Amino acid sequence: MPELLDLAERIVGWADEGEQVEAVVVHERETEVRAYEGEVESLISAESQGVGVRVVRDGRQGFAYAGTLDSDALAEVLAEARDNLTFATPDEHCALAEPDGVKPAELDLYRATLVDHPTEAKVALALDLERRTRAADPRISGVESADYSDSISESAVATTTGILATGRETGCFLSSYALAEQDGETQTGFGFSLGREPSDLDVEEAAADAAERSTRMLGAVKPPSGRMTVVLDPWVSAQFLGIVGGTLSGEAVQKGRSLFADRLGEDVAAPLLTLVDDPTDPAAHTATGSDGEGLATRRNVLMADGRLERFVHNSETARRAGTVSTGSAVRGYSSTPGVGVRAVSVAGGDCPPAELIAAIDDGLLVQGVTGLHSGVNAVSGDFSTGAEGLRIRGGALAEPVREFTIASTIQKMLLDVLAIGDDVRWLPMRAAGVTLVIGELTVSGV
Amino acid sequence: MKDRITRTEIGPMVDPQLLQDVLGEALATGGEFAEVFVEDRRSTSALLDDGRIEEMASGRDRGAGIRVVVGETTGFAHTADLSPTGLRAASAAASAAALGGGDGVREVVLDSPSGPPSAVVDVLPSDVAKDRKVALLAEANEAARARDGAITQVTARYADSQRRIQIANSDGLLTGDRQVRTLFSVSCVASGDSGLQTGRESVGHTVGFELFDRVDVGDLARRAAERALTKLDAVPAPSGEIPVVVGPGGGGVLFHEACGHGLEADLIAKSASVFAGRRGEVVAAPGVSLVDDGTMTGEWGCYAVDDEGRPAQRNVLISDGELTDYMWDRLRARKEGRDSSGNGRRQGYRYLPMVRMTNTYLEAGNDDPEEIVAGTDHGVYVAQLGGGQVNTATGDFVFGMTEAYLIEDGQLTAPIREGNLIGNGPAVLLGIDAIAGDFAMGSPGTCGKDGQGVPVGDGTPTFRVSRLTVGGTAA
C-alpha cells in the first residue's frame, strides 16, 4: 500500500504552479468461482489497477484515467486531464478538498486470512454451495449459478492541497440462484452470505435461503389489483432505502433534482423512522474510513424521528451550500467524485418480523422486486416495480403470488411506514435491510 | 475525410508470433482450447450540467484476457501488461485456474488474419477538436431551456469510444475489429405545481463524429424537454391488466426482455429459460418475426466480429410465431456441435464472453398504426419505454414507460405518470394482436447481464399486446 500512496504522491508532485492536482490510485485482486453440476464451470483470477487524475486551475477541472499503473501512462493521464480542464466552464466552487482535521475512523476491514486463502478452498466452497442448494429440497431442479467471489482492494488518494489517504479492505461473497420445479412450473430463489474472510461465510444459510425462496414460490398466482398493506423483507427494503438515500445527495438538491430539496427540518417520514448513513460502521460491507476525496467518512443522521435532518455533501457541493463536506464523495478511479450515501440503515424496531406479520389480517409480503432502474424515478418520486412474494391472510403467510407490481411515490411510502422489524441486516449494497410494514401500496395484478 | 486511420494503427496489436507462443503455453496444463483477447479502448466524454461544462474526461483501457478450457471448466485471467512477460503470466494463471492435468507446451499455429473488415468511419472522434464536442452540449442546453421556462435543469452528455480488439485462439483463428461509437444524450427536469418531472432523449450509433451530420442536438434537446413538460400534466397510470399499444421504435425493450434473454443459449443449457426445448414450436402470435442482427451497419449493437472473433450475423429467432433458433457463443455452440451465431460478447478484456444480443427487432407487419389505436377501446399507449428486467426461468419481465398516454375510446388522451409494466414472456408473445408497418429503431441501450454491460440496439413498428399489467396507482 505504501507503493500506491507513493505513486499518487509522485503524480501530485508533477503539479505546475497555480494548479491543483489530485491522484487516485486503485489496485484490486479478485477471484470468482462458479460451480455447476458438481464441476467448476469457470474460475476467474483477476488483478486490476487504475489511476484517475483531476487537475483544477482557475475554477475549472479536467479529468482523465487509465486502467494501468505503468509509469509511461501516468504522465499521459496527467497531460490529458490538464488539457481537458481548458474546456470546462469556470466555477468559483470548483476546487479539490482541503484537509478538514477530521480523523478517519480506524476500521479493521482487511483480513490477511482471505489473502492467504488457497484457491482450492475457494473452489470447494462454491462446489459445496451448489451441492447443498441441490440437496436442500427434492423440488430443487437445478442451480443456475453457485458462486464464490472475493476481492482484495487497496487505494490511495493524494492532492496538492495536502490530502493523503489510504484504505484497504477484503470482502468475500457466496451466492446461489436456485431453480425449483413442480408440475412443469419453475420458480427461482436467491440466497447469499457475505463477509470479510471465508470463515465469516455461512454456506448452509445461503443454500437454505435459495432453496426456501424458490420452493415457496411454487404454485404462485397473479394477485388481484388493489391497495394493500405490504411487508417489505430486508432484501427489498434495503434497495428502497438506498434509493431514498440517493435523493438526499447535496448535488441533486443544488441542481433541482431532489424531491426533498426544500424540506430540511420538515417531517418527511413516519415518526418511527430514523435514517442514518454511517460508513464508519464496520458491520456495513460498504464501510470505509475515507471518502472518494480522501476526507474522513462520518456518521450522518439523515432523518430523525421522521424529520429531514441533512443532505450529504462532497467538498464541492459543501462549498456551494456554505457548509462542510460530510465525507460523502463517491467514485471509482475512472470518474470524478460524485455525492452519495454509502451505508444507510434505519434504526430497528423491537418487533420480530413474525409478530409484525401476525398483526396483519390481509396483506402481502414482498420478497423480491425487479425493474428498480426502470420503475423508480428518484426525481419525481414515482415508483412502480415488479414484485413477487406471499399473501398474508389472518396473520399468517399464505399462497405465493407473482407477476404483479407495487407502486406509490417515495414521498408517500416514507409517511406510510407503519412498523419496523428488529432484524436490521447489512446486505451487499449501500444499505442495510430490515422488515418494513408499509400501510398502503397499490398492487397491480389481474 | 474517409477513414483516416493509419496503417500502423490497424496493424496487429500484439505480434502474432507472441500470441502463438502464449496460446501454446496456455495449453500446457492439458487444456483443449485457449484464447487471447486483446483490447485497447480510448474514450472521451463531456458533461454539461446546471448550465456549466462541468467536466471533460478521457479514459484509456488496454489489456488482454486469456481463457483456457479444460473439460467443463473455463479458467480465465487478465492483464493490463501486454508485454511478453505480462501475457505469459496471465496465460499461466488462466491455465492453472482451469486445473488441467497435462504438461508441456502444445504448439499452436495461427492462420493469416481473417474476418470481415471493420466498419468504415468517416470522422474518427479522436480527430475532432474537443471544443467542437463541447459546443454541441451548449447548443443542446440552450435549445432545451428555450423550449419553456418550466425547464429548470438540463444535463447534456457527449461520449465517444474507439475500441480495437484482437482475438487469437488455439483453433488457429487470428482476427480483429475496430469499433467506434458516438453517443449524445439530454435529460431535462421540468418543475410545476405537480412537482418535478424528467424527460430524456439519446442517440447513439456505431459511427464516428459524422453522427452529428444527421442528428440535430437541438431537436434532440427539445424532444427531451417536451417529454418532461408533458408529464407535468400526467395523471396516475392505471393499475391492472389492459391492452397496451407500443409506438414505433419505442418498444424493443419489451422483446429484449420478454424473450430475447430467454433465447440465449447459456440460459437454455441450464434450463433457466422458459424457452428451453421449444425450438420448432409456436411461441408467438402469427406475424411475429423477431431478429437479432449484429450486421446492421451503424446501429448501436453492431460489429464486424464478436468478442470471440466470430463474424456478426443476422439471426432469425422467431419466424411468423415459430421459434427457429437460439443465440450462441462459442462455448455453448461447441457443446452442441454447431457454429456460434456471432453473439459471444464481453464488456471488456477483464471479462469472460457470454451469449449476448446485438440489435434485436420485431419485423414490420401490415396493420395501420392509427387503426391500431382507433381499435383500442380502453388501454395505454407507450411512446417510449425505459429499461427492463426479466427472470428467464419464470418468464416474468418488467419494463418501464417513460412516455405514455391513456387510450380512451380509440383516442390518445391524458399523459400518464411513469411506472413499470409486468408480463410473462410466453403469454405476451402470444397476446400480440396487431403489428403495423411503421418500423423504426429505438434509442441506444446498455444491456446488463451477470455484471457486464454491452451496447445493444432494438427496434419495432407500432404493435399491440391484448393484455398486459400496467403497474400504476390509479384505482
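Me: How do you know where the domains of chain B begin and end?
Reply: The bounds come from an automatic or database domain assignment, and for chain B that assignment gives domain 1 (7-232) and domain 2 (239-471). One thing to keep in mind is that this is a predicted model, where local features need pLDDT of at least 70, side-chain atom pairs count only at pLDDT 80 or more, and totals for chains, interfaces and linings use all residues. Residues are numbered from 1 along each chain as its sequence is written, while chains are lettered from A and ligands numbered from 1 in the order in which they are written.

Me: How far apart are the C-alpha centres of the two domains of chain B, and how many residues does the contact take from each?
Reply: The C-alpha centres lie 23 Å apart. Two residues are in contact if their C-beta atoms, placed from the backbone, lie within 7 Å, and the contact takes 34 residues from domain 1 of chain B and 24 residues from domain 2 of chain B.

Me: What makes α4(A) oblique to α5(A)?
Reply: Good one! The axes of α4 (residues 119-135) and α5 (residues 203-215) of chain A come within 8 Å and cross at roughly 40 degrees. Angles under 35 degrees count as roughly parallel, over 145 as roughly antiparallel, 65 to 115 as roughly perpendicular and the rest as oblique. Therefore α4(A) is oblique to α5(A).

Me: Which residues of α4(A) and α5(A) meet?
Reply: From α4(A) come A:L125, A:D128, A:L129, A:R132 and A:T133, which meet A:V203, A:E204, A:A206, A:A207, A:A210 and A:A211 of α5(A). By class, this contact has seven nonpolar, one polar and three charged residues. Here Ala, Val, Leu, Ile, Met, Phe, Trp, Tyr, Cys and Pro count as nonpolar, Asp, Glu, Lys and Arg as charged, and the others, Gly among them, as polar.

Me: Why is A:D58 called exposed?
Reply: A residue is buried if 20 or more other C-beta atoms lie within 10 Å of its own, exposed if 12 or fewer, and partly exposed in between, with C-beta atoms placed from the backbone. A:D58 has 12 other C-beta atoms within 10 Å, so A:D58 is exposed. This residue sits in the loop between β2 (39-57) and β3 (60-66) of chain A, and its phi is near 50 degrees, a positive value in a residue other than glycine.

Me: And what makes B:D50 partly exposed?
Reply: B:D50 has 17 other C-beta atoms within 10 Å, so B:D50 is partly exposed. B:D50 is in the loop between β1 and β2 of chain B, with phi near 55 degrees, a positive value in a residue other than glycine.

Technical notes
Axes fitted to C-alpha atoms, helices over the stretch in contact; angles between N-to-C directions. Helix = DSSP H or I, 4+ residues; strand = E, 2+ residues; numbered from the N terminus.
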